[in-house]
Amino acid sequence: MNFDLNHIIESLSHVVEPDSGKDIVRLGLIRNLQFTDDRIRYTIFLKDPLSPFAYLVEEQSISAIREVVGDKVSIQVEMDNEMIGLGEGLVSDQAGKKAPGDRVLNTIAVASGKGGVGKSTVAVNLAIALVREGYDVGLVDVDIYGPSIPTMFDLEGTRPKINESRQIIPIVKFGVKVMSMGFLVEQDQAVIWRGPMVSGATKQFLGETDWGDLDYLILDLPPGTGDIQLTIVQTVSLTGAIVVSTPQKVALADARKGVAMFEQVGVPVLGLVENMAYFTPPDLPDRKYYLFGQGGARDLARKLDIPLLAELPLDEALRISCDAGYPLAATDEGYPLFQEMARTVVHHVVVRNITKPDTERIEITTR
Ligand SMILES: Nc1ncnc2c1ncn2[C@@H]1O[C@H](COP(=O)(O)OP(=O)(O)O)[C@@H](O)[C@H]1O
Ligand SMILES: [Mg+2]
């Protein structure tokens with residue numbers, strides 16, 4: 001074979017979706033790619049697969065691939081408009097409430113084994129970086145006991161409005177559509193909520209938010225591998241999960257449990273983010289001090305055969321910016337670090353979408 005997956009991805013990425021003007025690969029519209037040395041097949045998901053535009057996209061995709069593989073290879077394309085991501089993934093009793101045509105293409109859960117490792121910091125900065133990369137992005141904080149999005153977006157005390165279909169309208173800040181349990185539930189009330197109540201509220205909350213069309217919906221999960229995490233995988237067809245860890249052995253051990261949980265329920269793990277990986281003193285910009293140990297996350301990623309998506313430094317500016325409600329990714333100095341992370345994430349989402357089927361929501365019967 002004189003071509004591989006990357007050649008196909010690269011060639012298809014020159015084809016744009018007429019509606020949004022964005023490339024069809026990075027939007028996740030190419031699915032179920034299978035290829036041998038004499039045959040390539042894939043599905044293109046478009047909102048209206050019968051429109052003249054759809055035909056154009058199909059034709060362009062074929063000629064783009066032809067350029068790389070030559071004319072001896074047979075190319076079969078299937079056009080589909082099945083709702084993917086959240087569109088399909090919502091619990092069925094909520095689905096009727098969604099505006100027709102809304103489309104959430106990719107849903108990514110940001111998770112961790114332990115609390116305080118920087119999961120929200122990663123989720124928030126990733127969401128903003130994806131917006132700056134040109135995507136339509138939503139961010140939702142399902143951490144009912146410790147929502148951080150209101151603080152990190154300087155939206156404390158904000159109450160979202162409700163639309164005519166009685167859906168919650170997310171608040172737009174830094175270009176991100178944000179929703180948080182913290183907008184709806186007082187913190188001192190939430191602490192007495194018990195597991196089943198939280199699960200019920202989470203389901204309702206995810207199903208009844210008016211996201212409109214999104215390329216990416218990022219879910220900031222609470223720490224751990226418990227009921228809420230399972231509720232999410234039963235409610236949403238997740239494209240994949242990102243697991244955040246710090247370099248310490250104990251954190252990595254918990255990260256490993258997080259990865260195992262997602263794998264057990266059939267959610268692909270997009271990769272690991274190592275946060276607080278090293279420290280660079282401002283007056284010694286060439287130095288990297290690995291305060292909590294070096295290479296742990298890289299080793300774990302290798303062992304588990306998942307990508308290491310980013311190594312983020314321990315950085316005072318990162319903490320201050322999040323506390324102040326103006327995340328670093330929204331600033332010009334802070335953006336490059338997260339731009340790199342966002343691009344890496346998008347790359348792995350693309351590969352995942354192309355090579356693996358949509359995640360099935362699974363029914364879990366607990367106790
Ligand atoms: N790389 C980092 N450098 C400095 N402070 C960080 C970094 N990542 C997170 N923090 C800070 O650590 C605290 C916990 O981070 P947070 O993202 O809320 O963790 P989690 O969501 O996992 O509980 C916050 O105060 C945050 O600003
Ligand atoms: Mg958090």
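In which strand is the place of Ser-180? Select Ser-180 and you will find that its place is in strand S7, residues 176–180, where helices (H or I, at least four residues) and strands (E, at least two) are DSSP runs numbered from the N terminus. What you are viewing is a predicted model, in which local features need pLDDT of at least 70 and side-chain atom pairs count only at pLDDT 80 or more, while totals for chains, interfaces and linings use all residues. Residues are numbered from 1 along each chain as its sequence is written, and chains are lettered from A and ligands numbered from 1 in the order in which they are written.

**Around Ser-180**

Ser-180 counts as buried because it has 28 C-beta neighbours inside 10 Å; a residue is buried if 20 or more other C-beta atoms, placed from the backbone, lie within 10 Å of its own, exposed if 12 or fewer, and partly exposed in between. Leaving aside residues up to four places away in sequence, add Asp-141, Pro-147, Ile-149 and Pro-150 to the selection, since Ser-180 touches them (contact is defined by C-beta atoms, placed from the backbone, within 7 Å). For a distance across the model, pick Lys-47, which is 133 residues from Ser-180 along the chain and has its C-alpha atom 28 Å from that of Ser-180.

**The ligand**

Move next to ligand 1, which has 18 residues around it, with Gly-118, Lys-119, Ser-120, Thr-121 and Arg-319 coming nearest; a residue is near a molecule if its C-beta atom, placed from the backbone, lies within 6 Å of it. Helix H5 (119–132) and helix H13 (316–323) are the elements that give two or more residues to this shell, and H13 gives the most, with four residues. By class, the shell holds six nonpolar, eight polar and four charged residues, where Ala, Val, Leu, Ile, Met, Phe, Trp, Tyr, Cys and Pro count as nonpolar, Asp, Glu, Lys and Arg as charged, and the others, Gly among them, as polar.

**Two helix pairs**

Now show helix H1 (residues 5–12) with helix H2 (residues 52–69), which pack at an angle of about 135° with their axes 8 Å apart; the axes are lines fitted to C-alpha atoms over the stretch in contact, and angles run from 0 to 180 degrees between N-to-C directions. H1 and H2 are therefore oblique to each other, given that angles under 35 degrees count as roughly parallel, over 145 as roughly antiparallel, 65 to 115 as roughly perpendicular and the rest as oblique. At this meeting, His-7, Ile-8, Ser-11 and Leu-12 of H1 face Ser-61, Ala-64, Ile-65, Glu-67 and Val-68 of H2, and the contact has five nonpolar, three polar and one charged residues.

For the second pair, select helix H11 (residues 249–264) and H12, whose axes lie 10 Å apart at an angle of about 25°, so that H11 and H12 are roughly parallel. The contact is made by Lys-249, Leu-252, Ala-255, Arg-256 and Val-259 of H11 together with Gly-296, Ala-297, Leu-300 and Leu-304 of H12, which by class gives six nonpolar, one polar and two charged residues.

**Two loop residues**

From H12 (296–304), continue into the loop that leads to strand S11 (308–311), where Asp-305 is found; Asp-305 has a positive phi of about 60° although it is not a glycine, and it is exposed, with 7 other C-beta atoms within 10 Å. Finish at Asp-154, in the loop between helix H6 (149–152) and strand S6 (171–173), whose phi is also positive, near 50°, and which is partly exposed, with 13 other C-beta atoms within 10 Å.

Note on methods: Two residues are in contact if their C-beta atoms, placed from the backbone, lie within 7 Å.
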